[in-house]
Amino acid sequence: MDFRSSEVVGPQGADLLPASATMAVKVVIVGGFGVGKTTLVGSVSEIRPLTTEETMTQAGASVDDTAGVERKTSTTVAMDFGRISISDELVLYVFGTPGQERFWFLWNGLFEGALGAVVLVDTRRLEVSFDVIGRLEDRGVPFVVAANTFPESPTHPTEELRAALDLPPEVPIVACDARSRESGRDVLMALMRYLYDLSAPPPPTTMPASR
Amino acid sequence: MSAADQGWGADNPERLYVITRGRSGLTEQTTFDLVTLVVSRSEPTPTMQPEHAAILRICGSPLSVAEVSAYLRLPVSAVTVLLADLLTEERIEARACVPRAVLPDIALLEAVMHGLQKL
Ligand SMILES: Nc1nc2c(ncn2[C@@H]2O[C@H](COP(=O)(O)OP(=O)(O)O)[C@@H](O)[C@H]2O)c(=O)[nH]1
Ligand SMILES: [Mg+2]
């Protein structure tokens, strides 16, 4: 066996979570190749981003418990993720994927239990986002759209973007710079506010009483 | 050396089969979410499967399933199989993630927003 337990180095120093951490939630950043997902995860994460992998069957292949052994067409999909400590008890994980969008939805449990998703788009290549948006809508995963501002990207008025992406009026669209922590934080905040509006009983005109 | 250089277990189906004793991890994934927090409840023993020992060693403070996968360089499905073994033997504690409601709880969202403001 080539695996030695002692060779596995776990988290060190600031990467350790306090013993009081009892609950974790996740959001998923989706978008086409090169739109800035890895950059965004790295900007908001308080730990050096990590990579996790999953092996999955090809689309359409049967996924039942006994099929594991004879799977012939399996693919490895990697995902990078970061972490934000919300409080002593609560931790937020942010997952981003390196392309291969057709596999995200095969990843068991990636979207299940996620608070929501951020669709990161590059306004020069909006077409790569159509499929992702459609799939999130099919699955009922709430999402916001963040337009990453590359220097060469044309700046579209929000409503033009909305029309181009065929988004319903309530889905928030925000501009962001994936390299900036503040900007990345604002994107996550936009998602949380949207989720809040979806969850809060109407009317949504007043903010909750502060505690 | 990066994780990619060392090679993930996912590249080696035979090795993965040995580690998980042929279990796919699909059943275990109903117990373990990517962000279920895992904490060791006992010390590794010399006779233990090395992967089990490694998990107990790195989970002295809470770690998510995704982090365990990253540090062990094993696919999530293989890690959930190993974690299920350890949970059965009560060698780890699994701090379940938030219940899978259709929409998240208002108080939870308020807490997340408050936390993000400090970032
Ligand atoms: N100018 C600019 N470049 C960016 C921005 N976000 C990402 N990039 C660059 O775009 C490239 C692709 O980003 P990456 O995060 O790897 O994209 P991914 O494939 O979606 O993970 C990298 O070279 C980044 O440095 C941004 O907001 N502004
Ligand atoms: Mg990437």
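Ligand 1 is surrounded by 15 residues, and the closest are A:Gly34, A:Lys37, A:Thr38, A:Thr39 and A:Asn148. The model is predicted. Chain B and chain A share a buried area of about 5200 Å². Two non-glycine residues of chain B are also covered below: B:Arg73, with a positive phi, and B:Glu90, with a positive phi as well.

**Ligand 1 and its shell**

- Helix 1 of chain A, residues 37-44, gives the largest share of the shell, with three residues.
- The shell divides by class into seven polar, five nonpolar and three charged residues.
- A:Asn148 places a polar side-chain atom 2.6 Å from an oxygen atom of the ligand.
- A:Ala178 uses its backbone instead: an N or O atom there lies 3.1 Å from a ligand oxygen atom.
- A:Arg179 has a polar side-chain atom 3.2 Å from a nitrogen atom of ligand 1.
- Taken alone, ligand 1 exposes 580 Å², and the protein buries 72% of that.

**A:Ser45, in the loop after helix 1**

- A:Ser45 sits in the loop that links helix 1 to strand 2 (50-57) of chain A.
- The relative accessible area of A:Ser45 is 5%, which is under 20%, so the residue counts as buried.
- The side chain of A:Ser45 comes to 3.0 Å from the backbone nitrogen of A:Arg83.
- Neighbours within four places in sequence aside, A:Ser45 touches A:Gly82, A:Arg83 and A:Arg181.
- A:Arg83 thus appears both in the contact list of A:Ser45 and as the partner of its side chain, through the backbone nitrogen.

**Chain B on its own**

- Chain B holds six helices and three strands.
- Their order from the N terminus is α-α-β-α-β-α-α-β-α.
- The chain has 119 residues, and 56% of them are buried.
- Among contacts in chain B with a separation of 6 or more, 71% join residues 24 or more positions apart.
- The accessible surface of chain B is about 5200 Å². Carbon and sulfur atoms account for 54% of that surface.

**Interface between chains A and B**

- The size of an interface is often given as the accessible area lost when the parts come together.
- Here the area buried between the two chains is about 5200 Å², and carbon and sulfur atoms give 65% of it.
- Chain A brings 66 residues to the contact, and chain B brings 53.
- On the chain B side, B:Tyr71, B:Leu116 and B:Leu119 supply 14% of the area that this chain buries against chain A. No other three residues supply more.

**Positive phi in two loops of chain B**

- B:Arg73 is not a glycine, yet its phi is positive, at about 55 degrees.
- The loop that holds B:Arg73 runs between helix 4 (65-72) and helix 5 (76-88) of chain B.
- B:Arg73 has a relative accessible area of 22%, between the 20% and 50% limits, so it counts as partly exposed.
- B:Glu90, also a residue other than glycine, has a positive phi near 55 degrees.
- B:Glu90 lies in the loop between helix 5 and strand 3 (92-95) of chain B.
- B:Glu90 counts as exposed because its relative accessibility, 67%, is over 50%.

Key: Residues numbered from 1 in each chain as written. Chains lettered and ligands numbered in written order. Predicted model: local features only at pLDDT ≥ 70, side-chain atom pairs only at ≥ 80, totals over all residues. Heavy atoms only, no water. Near = heavy atom within 4 Å. Polar contact = N/O pair within 3.5 Å; in protein donor to acceptor, adjacent residues only side chain to side chain. Areas by Shrake-Rupley, 256 points an atom, 1.4 Å probe, with all protein chains shown as cover. Helix = DSSP H or I, 4+ residues; strand = E, 2+ residues; numbered from the N terminus. Nonpolar A, V, L, I, M, F, W, Y, C, P; charged D, E, K, R; others polar. Buried < 20%, exposed > 50% of the residue type's maximum accessible area, 1.4 Å probe, protein only. Contact = heavy atoms within 4.5 Å. Buried area = accessible area lost by both parts, 1.4 Å probe.
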